[in-house]
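Dear colleague,

I am handing over a structure that you asked to look at, and below it you will find my notes on what turned up when it was examined. Please read them with the model open beside you.

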Amino acid sequence: MRKFLTFVLVFFVIGFASAQDDLLNQLDAEKSDVKEIETSAFKGLQICNMQSTKLTAKGEWYMLVSHRFGDLTNGFDNFFGLDNALTKFGGIYGVSDWLSLGASRQTYHKTYELTAKYKLANQEISGFPVTIVGYNTMDINSELKKAANPGVKFNHRLAYTTQLLISRKFSDSFSLEVTPVYLHKNLYEYGLEQKDQFFIGSGARYKVAKRMSVNLEYAARVGTPEGFTSSYHNPLTLGLDIETGGHVFQLVLSNSQPMNDVAVYSNTMGDWNGGSIYFGFNMYRVF
């Protein structure tokens, strides 16, 4: 009987140890199946003028106020830009964690801009290397008056962009984004620009303090016909992000004064090489 009890005890010990190993292996397997998502590559919804891959969370409301003063290079003639500033005011709502919708109005051409931003893929800590986000805009130019333009129709007021935002967070301090852009205008300046335009944008963020980062972005035209020279410049913008509690405050220096995506990419008038430079800010407040 003693031998039998000893055998039973050893049997249960071995069985318990085996079951414990199986349970630990199962937990390890389940743990390895959980994908750890990297935190946002950018703190703001914008890098400077360009969109970042950051989205609003589900149920969040963001209020947006952007301002661009006039040309700094005019000095006292326009009091360093105070005389002819542009303003953009709008809101963004997080429909879900992967989709946000926005609307804004700005003084440039009295433009109304509707936006949709949607996440396609997340950067993983040990897995997929980048975050991919789609972004679409539709502009409505309400400045066009039928009295001055008798043939104008509603569709002439519309312009669109389709963008693919691809970012990677390399470290807590440094992030990089590449953005292919397709732009279409129903009404455009013949001989000065094209109806359909393509751009490659890029932006970077470098953290210089706990709540502060320096941002830089640039977009270049691609695919223009041979011999065609645009009268507009490629947008180049330098920014500074400052995190202050419930919002991110961005200071911006750019050769683009308008703030809607269509105009930023296709109608930048300034030139960093001795041309016009515009100072301004973006402010987001979350509710």
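A salt bridge is counted here where a side-chain nitrogen of Lys or Arg lies within 4 Å of a carboxyl oxygen of Asp or Glu. Please keep in mind throughout that this is a predicted model, so that what follows describes computed coordinates and nothing else.

Salt bridges

By that criterion the structure holds three salt bridges. In one of them K185 is paired with E193, and the closest N and O atoms of the two are 2.8 Å apart. As for their surroundings, K185 has a relative accessible area of 5% and is therefore classed as buried, the limit being under 20%, and E193, at 5% relative accessibility, counts as buried as well.

Another salt bridge joins the side chains of K88 and E113, with an N to O distance of 3.2 Å. This pair links distant parts of the chain, since K88 sits in strand β2 and E113 in strand β4, 25 residues apart. K88 counts as buried at 6% relative accessibility, and E113 counts as buried at 2%.

The side chains of K169 and D172 also meet in a salt bridge, at 3.9 Å from N to O. Here the two partners fall into separate classes: K169 is buried, with a relative accessible area of 10%, whereas D172 counts as exposed at 59% relative accessibility, because exposed means over 50%.

Cavities

A search of the whole structure finds three cavities of 30 Å³ or more, and the largest cavity holds about 170 Å³ of space. Its lining consists of 18 residues, and those that lie nearest the centre of the largest cavity are Q51, L64, I92, T115 and Y135. Which strands contribute to this lining with at least two residues each? They are β2 (86–96), β3 (99–106) and β4 (111–121), and the largest share, five residues, comes from β3. If you intend to consider the chemical character of the largest cavity, its lining has seven nonpolar, seven polar and four charged residues.

Nonpolar surface patch

On the surface there is a nonpolar patch of about 860 Å², made by F170, F174, L176, Y206, V208, M212, V214, L216, L238 and W272. Three strands, β7 (174–185), β8 (196–209) and β9 (212–222), each supply at least two residues of the patch, and the largest share of it, three residues, comes from β9. Among the residues of the patch, F174 belongs to strand β7, and with a relative accessible area of 30% F174 is classed as partly exposed.

A loop residue

Finally, a word on N155, which is placed in the loop between β5 (131–141) and β6 (158–169). Is N155 buried or partly exposed? At 38% relative accessibility, N155 counts as partly exposed, because this value lies between the limits of 20% and 50%. The C-alpha atoms of N155 and I140 are separated by 8.8 Å, and the two residues are 15 residues apart along the chain.

With kind regards

Conventions:
Residues are numbered from 1 along each chain as its sequence is written. This is a predicted model: local features need pLDDT of at least 70, side-chain atom pairs count only at pLDDT 80 or more; totals for chains, interfaces and linings use all residues. Side-chain values use heavy atoms; hydrogens and water are left out. On a 1 Å grid over the protein atoms alone, a cavity is a set of points where a 1.4 Å probe fits but cannot get out, and a pocket is an open set with protein on both sides within 12 Å along at least five of seven lines; lining residues have an atom within 4 Å of a point. Grid points are joined across faces, edges and corners, and a volume is the space filled by probe spheres set on the points. Helices (H or I, at least four residues) and strands (E, at least two) are DSSP runs, numbered from the N terminus. Ala, Val, Leu, Ile, Met, Phe, Trp, Tyr, Cys and Pro count as nonpolar, Asp, Glu, Lys and Arg as charged, and the others, Gly among them, as polar. Buried means under 20% relative accessible area, exposed over 50%, partly exposed in between (1.4 Å probe, protein chains only). Patches are made of residues with over 30% relative accessible area and no salt bridge: like charges are joined within 9 Å, nonpolar side chains (Val, Leu, Ile, Met, Phe, Trp, Tyr) within 5 Å. Accessible areas come from the Shrake-Rupley method with a 1.4 Å probe; for residues, only the protein chains shown count as cover.
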